[in-house]
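Work through these short exercises on charged side chains. Try each task before you read its solution.

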Amino acid sequence: MKPLYLDHNATTPLRAEAKEAWLQAVDQLQGNPSSVHAAGRNARAMIDEARERTAAALGVLEDEILFTSGGTEANNLAILGGMGSLDPKARLITTTVEHPAVLEALRPLGSAGRDLEKVGVGSDGHVDLEALVNACKPGDMLAAMAANNEIGNVTDLAQLGGLLDKAFPEQRPLFFTDAVQALGRIPVRLHDWGVDLATFSAHKVGGPQGVGLLYKKAGTPLEPRQWGGGQEGGLRAGTENVAGIVSASVAVELAVKEQESYAQHTSALLLHLWQQLVDKIPGILRNGPQLQDPMRLPNTLNILLPHTDGQVLITRLDLLGLQASAGSACASGSLEPSHVLKAVGLSDQQARAGLRLSLALSTTKTVINNAVDILSGICTSRHNC
Ligand code: PLP
């Protein structure tokens with residue numbers, strides 16, 4: 001049997017259209033986009049068109065989109081470049097459940113003596129928006145993720161943006177969101193959210209791995225984090241991944257177009273998945289927001305099977321033909337408990353055992369039913385879960 005893939009938050013397969021666009025771009029590509037000759041100009045035109053398509057899909061201006069090597073680089077640039085552009089006394093306020101590409105980007109700031117504050121979350125993963133705003137002072141930076149990759153809680157960014165406007169009529173904090181898991185899964189409304197900076201990653205929406213996007217609202221201050229070229233308005237030095245960028249723009253366009261059907265399809269399947277699991281596995285627990293919670297990702301389920309160890313479980317499931325994740329993919333090579341599950345109140349042992357199942361538009365009911373059989377099978381086997 002073909003392995004069952006329920007790890008779409010880690011990465012989702014390349015879309016046929018994005019692959020085709022990549023192949024065509026590679027075929028056509030000869031020059032470096034920074035060269036002034038015809039081959040260079042041709043490569044530059046390919047990036048320009050990709051930027052235009054991406055910006056149109058996200059409802060923003062072309063100049064507001066920067067291409068990077070992925071969500072991680074885009075997050076690092078937003079955090080470090082954003083803080084670098086502010087007063088040295090500016091603080092960074094964030095939440096305890098951000099992706100490591102945000103939390104670990106804070107380290108150099110801490111080493112440099114910058115004041116950092118992480119605001120805790122409730123047992124459903126939601127942060128108290130008022131507490132977040134109250135933690136800020138004029139001219140600080142605020143980083144709050146749009147949607148959590150492990151448990152799927154979604155932040156009401158429009159409300160958060162409104163609270164910031166009200167609390168800081170002048171010198172509003174620089175407002176950044178990691179929207180990597182939001183794109184294609186929930187509506188992305190950058191203007192309604194009122195963010196200054198937002199990040200995305202192509203491979204989470206059927207684009208190629210190794211291409212990220214940074215939205216930088218016109219006029220937002222940002223310092224570069226790498227030097228040696230004038231690419232991306234001088235903010236991201238290095239020859240661009242032209243074919244990857246072209247392919248990413250196609251994936252982003254399609255992800256935005258399909259978002260509603262994606263949400264309908266995956267939320268219905270997720271409900272079916274959870275109901276089946278509850279019926280067949282006594283003692284199973286769910287982590288994160290309620291399934292009925294409107295502020296949750298439609299495709300993400302994080303569970304605790306009774307008496308399991310996350311790492312062993314993932315390997316056993318893999319051998320049985322089910323591919324899923326313990327915590328975030330980036331941390332799953334290690335035995336560290338998930339910082340997100342700890343932040344919502346789980347013990348170290350439980351936080352090591354969380355199992356994330358994440359769906360996509362391509363996921364079928366048969367895949368879900370077969371996955372349930374595998375999960376309930378190991379829970380009733382003599383090895384126990
Ligand atoms: N932010 C979030 C919320 C993510 O889920 C991920 C990937 O897991 C990233 C950032 C990093 O993106 P990339 O894999 O493109 O570096």
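**Exercise 1.** Classify R44 as buried, partly exposed or exposed, then do the same for its salt-bridge partner E240.

Solution. This is a predicted model.
- Step 1: R44 has 24% relative accessibility. Buried means under 20% and exposed means over 50%, so R44 is partly exposed.
- Step 2: E240 has a relative accessible area of 8%, so E240 is buried.

**Exercise 2.** Show that R44 and E240 form a salt bridge, and state which parts they tie together.

Solution.
- Step 1: The closest N and O atoms are 3.2 Å apart. The cut-off is 4 Å, so the pair counts.
- Step 2: R44 sits in helix 2 (residues 38–58). E240 sits in the loop between strand 8 (212–216) and helix 9 (242–280).
- Step 3: The pair therefore ties together parts that are 196 residues apart in sequence.

**Exercise 3.** Place R91 and D115, and find how they are joined.

Solution.
- Step 1: Their side chains meet in a salt bridge, at 3.4 Å from N to O.
- Step 2: R91 is in the loop between helix 3 (71–84) and strand 3 (92–95). D115 is in the loop between helix 5 (107–111) and strand 4 (116–119). So the bridge links parts 24 residues apart in sequence.
- Step 3: R91 is buried at 10%, whereas D115 is partly exposed at 43%.

**Exercise 4.** Describe the salt bridge between E104 and R107.

Solution.
- Step 1: Their closest N and O atoms are 3.6 Å apart.
- Step 2: E104 is partly exposed at 45%. R107 is exposed at 56%.

How values were computed:
Residues numbered from 1 in each chain as written. Predicted model: local features only at pLDDT ≥ 70, side-chain atom pairs only at ≥ 80, totals over all residues. Heavy atoms only, no water. Helix = DSSP H or I, 4+ residues; strand = E, 2+ residues; numbered from the N terminus. Buried < 20%, exposed > 50% of the residue type's maximum accessible area, 1.4 Å probe, protein only.
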